[in-house]
Amino acid sequence: MRPTLAMRGLCKSYATPVLDGIDLDLLPGEVHALVGENGAGKSTLSRILAGLTPPDSGTLELEGEPYSPSNKRAAEQAGIHLVMQELNLIRTLSVAENIFLDHLPHRAGWIRYPQLHRDAAEVLARIGLPHLDPQTPVEQLGVGQQQMVEIASRLWRPCRVLILDEPTAALTDPEVASLFHQIRQLQSQGVAILYISHRLEEIRQIANRISVLRDGHLVATRLATELPIDDVVRLMVGRELGTANFTAGRTRGPIALAVRNLHAGDRVQNISFDAFRGEILGVSGLMGSGRTETVRAIFGADPIESGQIFLHGNTQPATIRSPRDAVRLGIALLTEDRKGQGLFLSLAVRENLTVNTLPSFASAVGWISRIRETASVRGWLQKLQVRCDSPEQGIAQLSGGNQQKVVVARWLLRDCDILLFDEPTRGVDVGARFEIYQLLADLAAQGKCIVVVSSDLTELMMISDRIAVLSNGRLTAEFTRHAWTQDKIMAAALSGYLSPTTTP
Ligand SMILES: Nc1ncnc2c1ncn2[C@@H]1O[C@H](COP(=O)(O)OP(=O)(O)OP(=O)(O)O)[C@@H](O)[C@H]1O
Ligand SMILES: [Mg+2]
């Protein structure tokens, strides 16, 4: 079968070689999964195919013809579309405007909004978001919904090759299912799909072939049926990960955080729960169920309308009006939106790591000890296997997963008693994921109170002592480890949308 897109000898170096002689064929109608550790070069390869980065050497052929796109537009005209790993929507524009950007329907210079909104509603319904109003400004959406809009903005275009760079990193199961439905349809139309993900379970479900990228080389390209996931992991990280128990050896301590009848906007409706020292409380729920809004309200990042938060068994409620108050009271929040809220993109890796903790490196007279700071930074970079040239490298140059590790380490460096993590492993590879799970487990064993929001249910079931489930802005269930099953959690996640809700 003639490949739709053929890559021959692709090379790309930055400070060090990233891709070294990549030969890869994408066949019509196949889903070709590309896996590899954070920094392996997956996004770099995607960017070359989509005309965003030129290769140093090597050639591309599209349906037998030479193909060397000079920019994104040229690639799109040739029918090659990329859904990028980082969100690239324009936050002040509406969902509809973002979906049809560069192709807005107009007459005599005026945008025809009724048509735009009709077209957008149709695209949204196809991808499983029939209830999302096309006129909503993108900045009002959570990361998961933004990701769906980004995907929708690629799906309506005529397409020969579709590249999806970690499309599901912030999606929960139902959205993944509607994305897969769309992918299968494109597949039946003969579109070649390059699918990049760190969620290996998904790859097992959707991929026909799997290629593994390691140290700049393609170390394997095999039929998915011939490559069990354990072998994929071994090829990716070059060692066995084994099975670890992330809940052993800790005992639940006194109460650290009690939330009572919390109301904040329409996504946080009468939420009450307790979280204890020495435990990890997982928070599950569908996209838009109020998970992020709940932790943001506790952290003082969004205003609370009513309800109380009690810390460490105090009978007086805490006053948390801003993140500054929260941090002073020993609460940390890792946000889900690393590009918008988590990173200082113009600063170095070191500065991003220590931005919250600089005073702890100061001497008695207030000088910051750069030596102590750098030593500590190097320790963390090594612990989480962050791939970068030096602590002074600009964070913007790191791969997505490596940026995420830096943001996680920033909060681990800071000695807070209550740690709220919203999607801590988003975009992080399997090896480093396990490192983060172990770090969370260690913190819990030291008596910290840890709350983890995740769209990855397998992950929550692996690390949590208890799981609270949100649905439609309400807490619908709480399970202990021996009581939960995947089905029970999913049922609780849906229940808020089925039963008639009483007004608070
Ligand atoms: N503009 C740049 N300048 C310098 N180095 C860069 C630049 N862009 C990427 N790199 C480096 O190239 C390597 C590969 O990055 P890439 O983003 O392709 O990785 P990835 O496989 O997509 O990783 P992830 O799973 O974390 O998304 C990384 O080590 C990264 O630091
Ligand atoms: Mg990437």
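Two strands pair if DSSP finds at least two bridges between them. Helices (H or I, at least four residues) and strands (E, at least two) are DSSP runs, numbered from the N terminus. This is a predicted model, in which local features need pLDDT of at least 70, side-chain atom pairs count only at pLDDT 80 or more, and totals for chains, interfaces and linings use all residues. Residues are numbered from 1 along each chain as its sequence is written, while chains are lettered from A and ligands numbered from 1 in the order in which they are written.

**Exercise 1. Find the partners of strand S15 (residues 279–285).**

Solution.
Step 1. Take strand S19 (residues 449–453): S15 pairs with S19 in the parallel sense, over 5 bridges. Leucine 281 stands opposite valine 451 there.
Step 2. Take strand S20 (residues 466–471): here too the pairing with S15 is parallel, over 5 bridges. In S20, arginine 466 is the bridge partner of leucine 281. Glycine 285 faces leucine 470 of S20.
Step 3. Recall the general rule. Strands of a sheet pair through backbone hydrogen bonds, either parallel or antiparallel.

**Exercise 2. Place S15 in its sheet and find the edge strands.**

Solution.
Step 1. Read the order: 6 strands form an open sheet, S17-S18-S19-S15-S20-S21, and the pairing is mixed.
Step 2. Look at the ends. Strand S17 (331–334) and strand S21 (474–480) are the edge strands, since each pairs on one side only.
Step 3. Check the turn. Neighbouring strands of this sheet are turned by 20 degrees against each other on average, direction ignored. Axes are lines fitted to C-alpha atoms, for helices over the stretch in contact, and angles run from 0 to 180 degrees between N-to-C directions.

**Exercise 3. Decide whether S15 is covered, and find the helices that lie across it.**

Solution.
Step 1. Fix the term. A residue is buried if 20 or more other C-beta atoms lie within 10 Å of its own, exposed if 12 or fewer, and partly exposed in between; C-beta atoms are placed from the backbone.
Step 2. Count. In S15, 7 of its 7 residues are buried.
Step 3. Split by face. Glu279, Leu281, Val283 and Gly285 are buried on one side, and Ile280, Gly282 and Ser284 are buried on the other.
Step 4. Add the helices. Helix H15 (residues 430–445) lies across S15, strand S18 (418–422) and S19, at about 150 degrees to S19. Helix H17 (residues 486–498) lies across S15, S20 and S21, at about 25 degrees to S20. Contact means that the C-beta atoms of two residues, placed from the backbone, lie within 7 Å.

**Exercise 4. Do the same for strand S10 (residues 192–196).**

Solution.
Step 1. Count again. S10 is largely enclosed by the rest of the structure, because 5 of its 5 residues are buried.
Step 2. Split by face. Ala192, Leu194 and Ile196 are buried on one side, Ile193 and Tyr195 on the other.
Step 3. Find the partners. Strand S3 (residues 31–35) pairs with S10 in the parallel sense over 4 bridges, and histidine 32 stands opposite leucine 194. Strand S9 (residues 161–165) runs parallel to S10, joined by 5 bridges. Valine 161 stands opposite alanine 192.

**Exercise 5. Describe how domain 1 meets domain 2.**

Solution.
Step 1. List the parts. They are domain 1 (5–237), domain 2 (244–330 + 416–424 + 449–504) and domain 3 (336–415). Such bounds come from an automatic or database domain assignment.
Step 2. Take the distance. The C-alpha centres of domain 1 and domain 2 lie 33 Å apart.
Step 3. Count contacts. 10 residues of domain 1 are in contact with 8 residues of domain 2.
Step 4. Name the elements. Helix H5 (143–155) and helix H6 (173–188) each give two or more residues to the side of domain 1 that touches domain 2.

**Exercise 6. Describe the shell around ligand 1.**

Solution.
Step 1. Count. Ligand 1 is surrounded by 21 residues, and the closest are Asn38, Ser43, Thr44, Ser399 and Gly401. A residue is near a molecule or strand if its C-beta atom, placed from the backbone, lies within 6 Å of it.
Step 2. Trace the sources. Helix H1 (42–49) and helix H14 (400–413) each supply at least two residues of this shell. Domain 1 and domain 3 each give at least three.
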